[in-house]
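The following exercises concern charged side chains and their surroundings. Please study the sequence and the model before reading the solutions.

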Amino acid sequence: MTSGKEEKRLMKYADLHPNIRIRIITDFFTDLTQKSIIPFMAIYLSIQIGAGLAGLLLTVNIVASMIVGLWAGYWSDRIGRKKLMVIAQTLQVVALFCLAIANSPWMDSIIVTCLMFLLSSLSSGITVPIANAMIVDVSSEHERHYVYGLQYWTTNVAVTFGALMGGLFFESFRFLLFSLVCLESLATLFILIFMIRETMDKHALSCDDAPIQRNILKTYWAVFQDKRFMIFFTATVLAVSLEFQLDKYIAVRLKNEFTAQLFGSDISGLHMFSLIMVINTVMVALVAIPFSRWIGRFQSRSIMTVGMLLYTAGFTVLAFSNWAWLLISSAILLTIGELMYAPVRQVMLAGMIPDSDRAAYMAADGLSYNAAALLGSLGLTIGAFLPSYAMAGLYILMGLGALVFFRMLLRRAEEQNQHLPCADAS
């Protein structure tokens with residue numbers, strides 16, 4: 001067990017395992033690459049091949065990425081993290097190089113673009129669960145709140161700069177954009193090969209009770225038979241689906257219903273939606289790291305409770321209010337709530353998964369985001385038939401449901417820790 005002094009000491013970036021420090025940096029650039037391409041690819045494909053085929057292609061990409069992520073999670077727990085990460089990054093370099101060529105002054109091929117976009121999505125599907133498992137491999141429990149807070153910050157900053165890059169270059173300078181991100185991916189590949197060390201615990205594979213002989217279907221059947229994980233999975237779907245409402249039902253509602261004056265100027269619903277997004281992005285960029293350090297001294301159950309209540313309250317107000325200042329206040333509240341609950345959620349996941357199936361559990365957790373995205377889209381459909389106050393009621397039920405499930409798991413974890421004998425420091 002860690003001493004009380006060690007638990008209270010503020011974490012620093014330099015204290016982290018070298019693999020985590022490197023992954024934080026490389027993940028930033030990977031997210032930057034993805035976010036400068038993916039949001040704009042839908043628009044580009046719609047123009048080139050029509051909205052129907054573009055939607056079908058994007059759906060195929062998502063499903064293929066999910067499937068290959070489950071495959072990668074299974075094999076990563078058997079042959080190691082680094083090998084698959086190097087393979088995935090090599091595929092990413094190839095995909096981006098071919099995307100650059102297919103959108104260059106010498107060639108303009110929509111077929112090659114579609115195929116390489118699919119290959120890029122497959123590469124990302126392989127990388128995400130393995131990278132998440134690698135962080136758990138080499139981090140201690142008292143480090144993870146800081147690590148996930150830092151990762152949350154870098155992801156949001158990468159999304160912001162990626163969107164800016166894509167907005168500036170994608171339409172008129174795709175060759176330059178793909179060339180730049182290809183060079184970044186090539187640099188990441190060399191870092192993975194020469195600087196990242198294998199982190200999978202070989203001892204976990206050599207244990208007699210290690211489930212390494214199970215095939216992939218039995219492995220994921222066991223994962224989804226894990227009642228504790230499925231409670232966590234359900235809570236995650238409910239919580240994250242609120243976030244997916246923001247650019248769907250809430251954005252559409254504001255566009256159709258909201259008009260107001262702010263600082264003497266008329267603002268539309270789209271302007272208010274943009275302002276909400278800016279508030280969220282700026283707050284995360286400015287306060288995520290110090291805020292994560294500060295709240296790390298409190299109990300996880302208290303952080304989760306306050307965080308989810310603020311997060312739920314913020315989205316509930318956004319679902320029905322048309323008062324500008326209340327909407328701005330709600331954007332601040334939901335951002336603070338997200339900064340509180342999101343790192344705790346990651347720490348909970350890291351603490352409940354078995355050593356021998358870490359990447360498989362991480363891949364299964366990734367499916368919760370896909371399920372949440374589907375609920376987000378469903379919310380837009382339901383919102384066409386229900387009044388805004390009814391949608392607000394649904395958001396309350398979803399947020400409180402997530403909180404009840406998260407607290408249930410945290411209470412069980414605390415009870416188990418109280419009954420565990422002290423571990424030998426050696």
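Three exercises with worked solutions follow, on a predicted model.

**Exercise 1.** Determine how far apart the closest N and O atoms of Arg23 and Asp27 are, and whether each residue is buried or exposed.

*Solution.* Step one: the closest N and O atoms of Arg23 and Asp27 are 2.4 Å apart, and the pair forms a salt bridge, the cut-off being 4 Å. Step two: both residues belong to helix H2 (residues 18-35), and because they are 4 residues apart there, about one helical turn separates them. Step three: the limit for buried is under 20% relative accessible area. Arg23 has 3% relative accessibility and therefore counts as buried; Asp27, at 13%, is likewise buried.

**Exercise 2.** Locate the partners Arg81 and Asp137 along the chain.

*Solution.* Step one: a salt bridge joins the side chains of Arg81 and Asp137, with an N to O distance of 2.8 Å. Step two: Arg81 lies in helix H5 (residues 81-102) and Asp137 in helix H6 (residues 110-137); 56 residues apart, they link distant parts of the chain. Step three: both Arg81 and Asp137 are buried.

**Exercise 3.** Describe the pair Glu257 and Arg253, then identify which residues salt bridges with shared partners join into one network.

*Solution.* Step one: Glu257 and Arg253 form a salt bridge at 2.9 Å, N to O. Step two: both are in helix H11 (residues 227-257), 4 residues or about one turn apart. Step three: Glu257 is partly exposed at 41% relative accessible area, whereas Arg253 is buried at 3%. Step four: the network consists of Asp77, Arg81, Asp137, Asp355 and Arg358, joined by salt bridges that share partners. The structure holds 7 salt bridges.

Key
Residues are numbered from 1 along each chain as its sequence is written. This is a predicted model: local features need pLDDT of at least 70, side-chain atom pairs count only at pLDDT 80 or more; totals for chains, interfaces and linings use all residues. Side-chain values use heavy atoms; hydrogens and water are left out. Helices (H or I, at least four residues) and strands (E, at least two) are DSSP runs, numbered from the N terminus. Buried means under 20% relative accessible area, exposed over 50%, partly exposed in between (1.4 Å probe, protein chains only).
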